[in-house]
Amino acid sequence: MDVAEIGIIGGTDGPTSIFIATSVNWPLIIVMGIIVVLAVGSFIMWKKKHK
């Protein structure tokens with residue numbers, strides 16, 4: 001079982017930091033990143049084409 005934890009540290013008087021602790025499945029992260037980049041690129045190209 002994979003375990004992940006996200007902690008947010010900060011307040012109104014300073015910058016907020018987000019810490020992520022997990023055992024990372026790098027191939028899955030890379031594939032998801034590529035899918036997001038392709039989806040955003042496709043949307044931008046579609047938007048330019050339909051002006």
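**Chatting about a predicted chain**

Colleague: Hi! Let's start with His50: is it buried or exposed?
Modeller: In this predicted model, His50 is exposed, because its relative accessible area is 51% and the cut-off for exposed is over 50%.

Colleague: Nice. Where does His50 sit along the chain?
Modeller: You'll find His50 in the segment after α1.

Colleague: And what lies 2.9 Å from a polar atom of its side chain?
Modeller: That would be the backbone oxygen of Trp46.

Colleague: OK, let's zoom out. How many helices and strands does the chain have?
Modeller: There is 1 helix, along with 2 strands. Going along the sequence, the pattern reads β-β-α.

Colleague: Which residues does the helix cover?
Modeller: Helix α1 spans residues 26-49, and Ile30 is found in it.

Colleague: Does Ile30 turn up in something else, and what is it part of on the surface?
Modeller: Ile30 belongs to a nonpolar surface patch, together with Trp26, Ile29, Ile34 and Leu38. Together they have about 540 Å² of accessible area.

Colleague: What share of the chain's residues count as buried?
Modeller: Of its 51 residues, 0% do.

Colleague: Then how much accessible surface is there for the chain?
Modeller: About 5000 Å², and carbon and sulfur atoms account for 71% of that.

Colleague: Last topic, confidence. Where is it lowest and where is it highest?
Modeller: Strand β2, residues 14-22, is lowest with a mean of 63, while α1 is highest at 89.

Colleague: And what's the average pLDDT for the chain?
Modeller: The average is 77, with 55% of the residues scoring at least 70.

How values were computed
Residues are numbered from 1 along each chain as its sequence is written. This is a predicted model: local features need pLDDT of at least 70, side-chain atom pairs count only at pLDDT 80 or more; totals for chains, interfaces and linings use all residues. Side-chain values use heavy atoms; hydrogens and water are left out. Helices (H or I, at least four residues) and strands (E, at least two) are DSSP runs, numbered from the N terminus. Buried means under 20% relative accessible area, exposed over 50%, partly exposed in between (1.4 Å probe, protein chains only). Accessible areas come from the Shrake-Rupley method with a 1.4 Å probe; for residues, only the protein chains shown count as cover. Patches are made of residues with over 30% relative accessible area and no salt bridge: like charges are joined within 9 Å, nonpolar side chains (Val, Leu, Ile, Met, Phe, Trp, Tyr) within 5 Å. A salt bridge is a side-chain nitrogen of Lys or Arg within 4 Å of a carboxyl oxygen of Asp or Glu. pLDDT is the predictor's confidence in each residue, from 0 to 100. A polar contact is a pair of N or O atoms within 3.5 Å; within protein, one must be able to donate a hydrogen and the other to accept it, and residues adjacent in sequence count only if both atoms are side-chain atoms.
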